[in-house]
Amino acid sequence: MRYNKTLLLLLACSMSLFAQKAKDNTKRDQFISGLMAKMTIDEKIAQTVQYTADGTVTGPKTGINYIDEIKRGNVGSILNATGVKYTRELQKLNLDNSRLKIPLIFGHDVIHGFRTIFPITLGEAASWDLSAVELSARVAAREAAAAGVHWTFAPMVDISRDPRWGRVSEGSGEDTYLGSKMAFARVRGFQGHDLMSTDVILACTKHFAAYGAAEAGRDYNTVDMSERVLRETYLPPFKATVDAGVGSFMTSFNEIAGVPATASKFLLRDILKKEWGFKGFVVTDYTAINELIPHGVARDSAHAGELAMVAGVDMEMVGGIYMKNLKKLLAEKRVTEAQINDACRRVLEAKYDLGLFTDPYRQSSEQREKAELTKKENLDAALMVANKSMVLLKNSNNVLPLRKEQKVAFVGPLVSDEHNIIGSWAATGDRSGFAVSVQEGVNKIVTDKNKVTFDKGVEIVDSRRDMMQAALNNARKADVIVAVMGEFENMTGEAASRTNIDLPGIQKEFLAELKKLGKPVVLVLMNGRPLTLTWENDNMDAILEAWYPGTMGGDAIAQTLYGINNPSGKLPMTFPRNIGQIPLYYNHKNTGRPYLGPSDPEQKYKSRYIDVDNSPLYPFGYGLSYSTFSYSNLKLSSAKMQMNGKLKVSVDVTNTGNYDGEEVIQLYVRDVVGSVTRPVKELKGFKKLLIKKGQKQTVDFELTTEDLKFYNIDMKFVAEPGDFEVFVGGSSDAILKDKFELVK
Ligand code: GLC
């Protein structure tokens, strides 16, 4: 009886919330219909126009004077304007020149923090901690909103299996399931529960779609794939953000199978707006409409504008084509008034939902801005997330954690860096010294200055050797050497693809010199992509992947090195043995001649290389801890799952080490036989748990038929009866397995 009462109460609450939402939408619809009834076609077209201000440069120059355009009432949105003073000035200029007082919406790339910078999103994904990732977006939104920003061009949800591509740094790695969970969490973090709240911002899912599959990892390059791969691998993280209520989408630069995304009716109208029921608005990427001409699908600007509007683009970023051409295209009946009205309405709805018609300044003030940006609570959050993103790749003879009484020589081009440490796409992050360097972080822990030395030794890229000897001299006197190395932050991110993903410059040469000293060498990496580290793995005693850990990165690295933080991160992306293996990812197909490794009785006629093993250097989901964890007692609730039924999976995990530690328990499933080929395994669940030393925890998962669905031979999204295997462990090369049968 009590149970029913609770259920009824819950039902009543959700119905009233739903009714309230419906009522609010009616109120909004009435307001916007009333407004649009008064708008001229020029004023409607203005809502589809976005220009860039003088802030961060994030694309080619266009020569358009955004101030003049605002004065002419020709602008609906401005990107790259931040700060209360600047945004208030521009908003006032706009309102003074807007007949109907329609506010601007200010957009900016708030990707992994606004002024307090968190680890790059690939690093955040390595935390496998959804609440930490949501918190990161929450803090970023609070700071950005306080600084007059209304809308972020994030989350970037592009799946990528190619570390040559610089933008893997902005995503969540190679896996669809992990990427979908991260995408959902970030939208919830940015948008909160109510867009009217002045400490949240509108999110924007990008880049729609499959931008991460650029051929050869070269940015903006061609993408071509089957609809099955598009729908199974690349689209789910986008759909997850629609489920999370994301307010906007951004089209990608690339073509897919011959159609540029910005001109793709299939993507924008058929899938996004119709199949998924997306009610927000679609903005292009930077000058992406103009680029339909070099893509070779548009004769001229007018034709490019026509293709984009017909395809379902609601707002143009920067290019100036909509403003110059839409009215003429309407007169020539190449676009319809309904299309322009729909685009305008979607933009106005977002502005309404953000409360911009009530308060175009969203209570932004210099006092609030000063109080919010980099406040202690935000910095503490950034440190927590950075600590959780650290991935320990190697730790021979437990050389880590370090002890304060040891004499440690810290060397490397990034050992005192405060610029690159916050990574690319760092919004208004302070690169002038505000971030905590490794040296500063270490000095907070080791107060005896005789115990530590700090020398660059070499640069990141250039091959000057004049600093090396001094560094070697100090290293010679140390018990342990710690080398902090990696990439320049601008070697990752947009327009930063590399054909060689080794440690750049002469960093490896310096490591070889350090190794000759016969002392333990610990390599700490700051990088925005998987690197090829085979030599380092063979020759270094320990390797810590720190990504670009953000404003508090030096503290996180130091706390991890000295054991204050026990590393718990797991790789969101495979690290190959060499670049020739790329693309290399865990959820690959088996092929008809799978190579079983050195024990395979057939060593020649198999799908393999003659010079390198097929296996990665470090697999997806891999990461060590100062603890050790053992997995046992894998149990399934049944050997059979009924179609539309469920199956419980449980496993015991024991912390067999000497440290309390967090472990990411991962659940993988293999569909052994399908009407089409299926991956050798797919991530279908994970839990990150703190397990105290010596303790054992039983971890439960639930599998449903939904988890087993795929696009079958007829492109129907179904689960097929048959045998399935289940793998559980702390990495994708988990070996603890069991099986079950899905029955009709
Ligand atoms: C850039 C990026 C996109 C970003 C936009 C605005 O070209 O591709 O991710 O949001 O322009 O800066």
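Trainee: Which side chain of opposite charge is nearest to Glu 316, and how far away is it?

Mentor: Lys 324, at 7.5 Å. Glu 316 is buried yet has no salt bridge. Buried means under 20% relative accessible area with a 1.4 Å probe, protein chains only. A salt bridge needs a side-chain nitrogen of Lys or Arg within 4 Å of a carboxyl oxygen of Asp or Glu. This is a predicted model: local features need pLDDT of at least 70, side-chain atom pairs need 80 or more, and totals for chains, interfaces and linings use all residues. Residues are numbered from 1 along each chain, and side-chain values use heavy atoms, without hydrogens or water.

Trainee: What lies 3.3 Å from a polar atom of the Glu 316 side chain?

Mentor: The backbone nitrogen of Gly 320.

Trainee: New topic. What are the domains?

Mentor: Domain 1 is 5-368, domain 2 is 379-581 and domain 3 is 629-743. The bounds come from an automatic or database domain assignment.

Trainee: How many residues of domain 1 and domain 2 are in contact?

Mentor: 47 from domain 1 and 42 from domain 2. Contact means heavy atoms within 4.5 Å.

Trainee: And the area buried between them, what is that?

Mentor: About 3400 Å², with carbon and sulfur atoms giving 63%. Buried area is the accessible area (1.4 Å probe) that two parts lose on being put together, summed over both. On the domain 1 side, Ile 117, Pro 163 and Arg 164 supply 17%, more than any other three residues.

Trainee: How many salt bridges are there between domain 1 and domain 2?

Mentor: The count is 2.

Trainee: Which residue does Asp 129 pair with?

Mentor: Lys 388, in a salt bridge with its closest N and O atoms 3.0 Å apart.

Note on methods: Buried means under 20% relative accessible area, exposed over 50%, partly exposed in between (1.4 Å probe, protein chains only). Lys and Arg count as positive and Asp and Glu as negative; His and the chain ends are not counted. A polar contact is a pair of N or O atoms within 3.5 Å; within protein, one must be able to donate a hydrogen and the other to accept it, and residues adjacent in sequence count only if both atoms are side-chain atoms.
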